[in-house]
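User: Please take a close look at a single part of this model, the place where the chains meet, and then follow the strands from there into the interior.

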Amino acid sequence: MKKRRRFLELAGMSFLALVGKILQPDPVRAFSLSGVGRVHARTLKAKRWAMLIDTLKFNDAEKFAVVIRACHSFHNVPSIAGGQEVKWIWKDTVERVFGEETADYKAKGLQAGDCLLSCNHCDNPACVSVCPVGATFRRPDGIVAMDYHRCIGCRFCMSACPYGARSFNFSDPRLHIAALNPDYPARARGIVEKCGFCSELLDRGEMPLCVKASDGAIVFGDLADPDSGVSRLLSKRTSIRRNEKLGAGPGLYYLI
Amino acid sequence: MYNAKYIVPGLVLFLLVFSAPFLLSGGGTRIVQDLAPPLDKSGCVEDRLFMASSHMRLLSFWRDQALREGKREYVSGSGKVFAISLRGTCFSCHADPANFCDKCHLVNGARPYCGDCHQGFGEGRG
């Protein structure tokens with residue numbers, strides 16, 4: 001009997017000692033950060049960023065090339081031909097872009113030819129809903145952004161996106177970048193990537209690169225502000241969006 | 001116990017071989033002393049000891065602030081303002097990551113992969 005009592009006492013004390021050891025504050029981890037994050041004074045703010053693409057001003061191949069190059073060269077987007085292509089902003093024919101709605105839109109004034117495409121930064125982004133790790137999220141200003149650190153490369157977002165705005169890195173993208181821009185990170189193999197509306201530039205008070213390179217053919221602004229350039233243009237001109245019936249609420253408008 | 005004269009020395013030998021890496025290394029974290037000194041000696045973003053042990057906590061906080069909150073600046077406890085930027089802030093002072101990050105990481109067997117995407121790191125990739 002005594003032996004059993006002694007055993008239980010010892011076992012109990014060992015257990016307590018173990019718990020104490022686990023709960024003991026780690027002198028290093030007990031430190032905490034002293035500071036806080038702060039919004040840059042020049043940050044451009046909006047309730048809902050949106051982009052207007054003037055299809056009438058995108059009338060020759062060079063115009064598209066300039067805008068695409070401005071984005072891809074800065075953001076270290078690899079150039080890969082074929083099915084493993086990576087793209088943030090690209091072009092395609094209006095028939096392929098607007099599908100069965102093309103005829104209706106042509107009746108409204110849509111011209112035949114090519115059309116500029118990118119991530120639509122939707123109001124209800126399917127990619128955000130399906131991301132299992134929270135790597136894709138919607139900022140309060142409407143930008144659908146990615147935290148590449150978190151992406152596990154499951155490609156659910158690519159299946160979910162109705163606009164094909166996402167690309168997967170099947171190989172090390174650095175092997176396909178002619179000149180790395182040191183001011184922006186590259187991505188790694190196994191990571192999905194897409195346009196982020198240049199949130200890193202907006203946060204420092206600059207307009208997105210495609211807007212700057214477009215010579216007025218792309219207008220960017222706050223859709224929630226009735227006095228903004230985009231709101232005024234939308235009330236004046238006829239505009240269309242891709243596949244509106246899906247209800248994703250795309251933030252890219254095409255002026256026709 | 002049967003065959004104790006074989007089993008006991010065998011066990012002792014096994015334990016010695018098994019624990020040799022721990023015994024020989026002396027255990028614990030190795031502190032590397034001859035790191036490349038920072039260009040600006042007036043002090044890092046946080047306390048030196050904190051940076052040595054927990055710089056990843058700062059970097060992780062910075063990442064979430066910048067990407068998710070749109071806060072691209074960090075105001076430290078002492079009131080100094082830093083741009084949240086690896087290249088613009090960290091590397092402007094620690095200009096030789098191969099002799100700074102890598103040195104500690106290699107000795108301690110840490111293999112971060114920051115350098116897979118972020119540029120400017122040494123061969124240790126982080």
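Analyst: The account below begins with the contact between the chains and then turns to the core, its strands and some loop residues.

The model is predicted, so local features are reported only at pLDDT of at least 70 and side-chain atom pairs only at pLDDT 80 or more, while totals for chains, interfaces and linings use all residues. Residues are numbered from 1 along each chain as its sequence is written, and chains are lettered from A and ligands numbered from 1 in the order in which they are written.

Where the chains meet, 26 residues of chain A are in contact with 25 residues of chain B; two residues are in contact if their C-beta atoms, placed from the backbone, lie within 7 Å. On the chain A side, the element that gives the most is strand 1 (residues 36–38), with three residues. Helices (H or I, at least four residues) and strands (E, at least two) are DSSP runs, numbered from the N terminus. Sorted by class, this side of chain A comprises 13 nonpolar, six polar and seven charged residues. Here Ala, Val, Leu, Ile, Met, Phe, Trp, Tyr, Cys and Pro count as nonpolar, Asp, Glu, Lys and Arg as charged, and the others, Gly among them, as polar.

Strand 1 of chain A also takes part in a sheet that crosses the chain boundary: with strand 1 (residues 73–75) of chain B it forms an antiparallel pair over three bridges. Two strands pair if DSSP finds at least two bridges between them. Within this pair, R38(A) has E73(B) as its bridge partner, and V36(A) stands opposite V75(B). The sheet is open, has three strands in the order 1(A)-1(B)-2(B), and is antiparallel in its pairing. Its edge strands, each pairing on one side only, are strand 1 of chain A and strand 2 (81–83) of chain B. On average, neighbouring strands of the sheet are turned by 35° against each other, direction ignored; the axes are lines fitted to C-alpha atoms, for helices over the stretch in contact, and angles run from 0 to 180 degrees between N-to-C directions. For chain B, the domain assignment, automatic or from a database, gives domain 1 (44–93) and domain 2 (96–126). The C-alpha centres of these two domains of chain B lie 18 Å apart.

The interior comes next. The largest nonpolar core has 62 residues, and those with the most contacts inside it are L52(A), I53(A), I89(A) and I218(A). Such a core is a set of buried Ala, Val, Leu, Ile, Met, Phe, Trp, Tyr and Cys residues joined through C-beta atoms within 7 Å. A residue is buried if 20 or more other C-beta atoms lie within 10 Å of its own, exposed if 12 or fewer, and partly exposed in between, with C-beta atoms placed from the backbone. Strand 2 (residues 49–54) of chain A supplies the largest share of this core, five residues. Beyond its neighbours within four places in sequence, I53(A) is in contact with L116(A), I218(A), L252(A), Y254(A) and L255(A).

Strand 2 of chain A is joined to strand 9 of chain A by five bridges, and the two run antiparallel; in this pair L52(A) stands opposite V219(A). Strand 9 (residues 218–222) of chain A is mostly covered, with five of its five residues buried. Strand 4 (residues 114–118) of chain A is likewise mostly covered, five of its five residues being buried. From strand 4, D114(A), L116(A) and S118(A) point one way and C115(A) and L117(A) the other way. In a regular strand the side chains alternate between the two faces of the sheet. Strand 4 pairs with strand 3 (residues 89–93) of chain A in the antiparallel sense over five bridges, and W90(A) stands opposite L117(A) there.

Three loop residues complete the picture. In the loop between helix 2 (61–74) and strand 3 of chain A lies E85(A), which counts as partly exposed because it has 15 C-beta neighbours inside 10 Å. Not counting residues up to four places away in sequence, E85(A) touches I80(A) and S167(A). N76(A), in the loop between helix 2 and strand 3 of chain A, has a positive phi of about 55° although it is not a glycine. N76(A) is buried because 23 other C-beta atoms lie within 10 Å. D215(A), in the loop between helix 8 (209–213) and strand 9 of chain A, is a residue other than glycine with a positive phi near 60°. D215(A) counts as exposed because it has 11 C-beta neighbours inside 10 Å.
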